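Please open the structure in your viewer and keep the selection panel handy. We will take the tour one stop at a time.

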Amino acid sequence: MSDRSGRLFIGGRWTEPDHGHYEVVNPATEEVVGLAPEASREQVYAAAAAAREAFAAWARTRPEERAAILDRAADLMQRDLTANAALAGAESGATTATARGMQVAVGAARFRRYARGALEPVEEAIAPQINEAGPMGRAGVFGALAVRQPVGVVTCITSYNNPWANPAGKVAPALAMGNTVVVKPAPQDPLSVYRMAEALEEAGVPAGVVNVVTGSGPGAGEAAVDSPDVDMVSFTGSTAVGQRIAEVCGRGMKRQLMELGGKGAAVVLDDADLDSTAAGIGTTFSFYSGQICTAPTRVLVQRAAHDALIERLTAYAGRLKVGDPTDRSTVVGPVISAAHRDRVESYIELGRKEGARIVTGGERPVGLDRGFYVAPALLADCTNDMRVVREEIFGPVVVVVVFDDEEEGIALANDSDYGLIDYVWSSDVARAFRVARRLRAGGVGVNTTGRNMEAPFGGFKKSGVGRDVGSYALHAYSEVQAIVWPG
């Protein structure tokens with residue numbers, strides 16, 4: 001472990017925490033991975049003040065300089081891929097392949113993407129306007145530019161399901177646009193973000209431009225939101241926490257980017273390729289053990305396809321090996337904590353009490369005495385009023401509701417508090433697109449759970465506010481200024 005271990009990163013210095021440390025636990029073994037620092041409210045405020053002090057100079061740096069630093073940081077993250085992935089896997093419970101390919105590698109790729117993003121044009125010409133003489137001045141032709149400017153100090157509060165890609169998706173575009181940041185990682189797996197900070201420091205990021213603070217409870221995050229030096233909060237997490245953050249931001253007129261919960265509807269029409277459909281929906285069982293807000297957890301299937309789809313999903317779940325995430329044959333690792341495992345299991349039991357049929361799963365896997373494992377569960381015979389259908393479970397649990405016609409399927413999909421990403425499966429692409437356009441969701445996958453990483457990402461309704469990913473992230477971390485002049 002480096003001499004930086006267990007310290008906060010504030011104003012370019014590795015700082016001892018005021019409140020000691022707390023243990024970060026490996027979800028697969030229940031062993032201690034390392035100690036994370038407990039920041040005081042005063043230290044979080046100091047981090048925001050350091051970011052405020054560094055902002056003016058960083059905002060004036062040439063885009064090429066910001067790009068070079070982000071590129072160098074990506075190189076360093078990739079250089080230490082093996083060690084970084086081992087830490088990420090240990091603290092998050094991700095499989096080795098996921099930790100390497102979807103966590104660290106994607107994190108580095110996002111820094112490279114926004115190194116290029118730093119060079120994207122920030123000025124957009126607006127068509128000239130002819131003004132008659134009047135109270136506002138003489139007649140003339142007025143030109144105008146829309147110029148994107150950095151927002152200022154951005155607090156980035158990140159989720160536990162991906163301790164590399166999620167922070168990178170906030171920090172990299174924010175820095176590319178000339179903002180400075182205070183990063184508050186999820187308490188369950190914060191150590192990877194300190195590795196990211198080490199890479200940025202080695203890459204030459206100026207003191208105060210990047211700051212990292214942590215805490216096991218809500219205090220550090222609350223301070224990172226309500227600090228008077230913070231101009232914007234970018235948050236990924238639950239809708240309930242997002243609502244509380246938004247209230248504080250509203251009082252201070254702080255900008256927000258909120259990526260919140262989801263209950264993705266998978267609308268399966270009667271002409272769907274059911275093998276492909278089952279493979280797509282099955283990602284809920286396997287990818288991050290269902291701990292992903294974009295998962296197709298709510299399956300709405302047309303009656304003619306229902307029995308065959310249940311059969312395929314049951315078979316799919318049965319083929320998945322649940323266990324040690326460092327074993328190359330493992331597909332499903334643990335969930336993040338004992339408390340979260342209990343929460344997921346309580347939802348499965350609630351579904352049983354509500355009248356759902358547990359087709360498969362719902363019990364702890366045999367032979368796994370240590371670790372926070374949940375067997376992938378499939379709940380059939382569900383109705384739209386059940387809590388397991390309406391609420392985000394955030395685990396390897398799929399619920400199935402049957403419908404009779406296309407209109408009913410669309411109505412069921414839209415009858416949700418959430419609207420992040422929905423899905424449509426049909427062999428008739430025109431039909432699938434017709435349904436997709438009527439879904440109240442920020443994104444729709446047609447015959448796929450894949451993503452286009454330049455497409456805007458964000459939610460309708462209680463799934464969030466704003467859009468990021470690709471160039472949309474650069475827009476999210478900027479203010480638009482109008483400059484007008486007489487021609």
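Which helix gives the largest share of the lining of the second largest pocket? Select helix 4, residues 96-117: this helix supplies six residues of that lining. Before going further, please note that the model you are looking at is predicted.

**Stop 1: the second largest pocket**

Keep helix 4 shown and add helix 5 (165-176), strand 10, strand 11 (255-259) and helix 16 (470-476); each of these elements supplies at least two residues of the lining. The space they help to line has a volume of about 890 Å³. To find its centre, select R110, A165, I292, R451 and M453, the closest to that point among the 41 lining residues. Colour the lining by class and you get 20 nonpolar, 14 polar and seven charged residues.

**Stop 2: the largest pocket**

Now select F235, G237, S238, V241 and R244, which lie nearest the centre of the largest pocket. This pocket has a volume of about 1100 Å³, and 42 residues line it. Next, show helix 7 (219-226), strand 10 (232-236), helix 8 (239-252) and helix 12 (338-354), each of which supplies at least two lining residues. Helix 8 gives the most, with six. Coloured by class, this lining shows 20 nonpolar, 14 polar and eight charged residues.

**Stop 3: the seven-stranded sheet**

Switch to a cartoon view and follow the strands in the order 14-15-16-13-12-18-19: they form an open sheet with mixed pairing. Strand 14 (357-360) and strand 19 (443-446) are the edge strands; each has a single partner, so one side of each is left without a neighbour in the sheet. As you step from one strand to the next, the twist averages 25 degrees.

Within this sheet, select residues 298-302 (strand 13) and 397-403 (strand 16), a parallel pair joined over five bridges. For one point of register, click R298, whose bridge partner in strand 16 is V399. Then add helix 11, residues 303-318, which packs on the sheet and touches strand 12 (265-268), strand 13, strand 14, strand 15 (377-380) and strand 16. The direction of helix 11 makes about 140 degrees with that of strand 13.

**Stop 4: a hairpin**

Go to residues 21-25 and 32-37, strands 3 and 4, which run antiparallel and are joined by five bridges. Here V25 stands opposite V32. Six residues lie between the two strands of this hairpin, and E30 takes a positive phi near 65 degrees.

**Stop 5: the cavities**

How many cavities of 30 Å³ or more does a search of the whole structure find? The search finds two.

For the largest cavity, with about 70 Å³ of space, select its lining residues, among them G262, K263, G290, I292, C293, E392 and F394. The lining of this cavity has six nonpolar, four polar and two charged residues. You have met I292 already, close to the centre of the second largest pocket.

The second largest cavity holds about 40 Å³ of space. Select V171, V183, V193, M196, A197, L200, V210 and V212 to see its lining. By class, that is eight nonpolar residues, with no polar and no charged ones. Finish by showing helix 6 (191-203) and strand 9 (210-212), which each supply at least two of these residues; helix 6 gives the most, with four.

Methods: Residues are numbered from 1 along each chain as its sequence is written. This is a predicted model: local features need pLDDT of at least 70, side-chain atom pairs count only at pLDDT 80 or more; totals for chains, interfaces and linings use all residues. Side-chain values use heavy atoms; hydrogens and water are left out. On a 1 Å grid over the protein atoms alone, a cavity is a set of points where a 1.4 Å probe fits but cannot get out, and a pocket is an open set with protein on both sides within 12 Å along at least five of seven lines; lining residues have an atom within 4 Å of a point. Grid points are joined across faces, edges and corners, and a volume is the space filled by probe spheres set on the points. Ala, Val, Leu, Ile, Met, Phe, Trp, Tyr, Cys and Pro count as nonpolar, Asp, Glu, Lys and Arg as charged, and the others, Gly among them, as polar. Two strands pair if DSSP finds at least two bridges between them. Axes are lines fitted to C-alpha atoms, for helices over the stretch in contact, and angles run from 0 to 180 degrees between N-to-C directions. Contact means heavy atoms within 4.5 Å.
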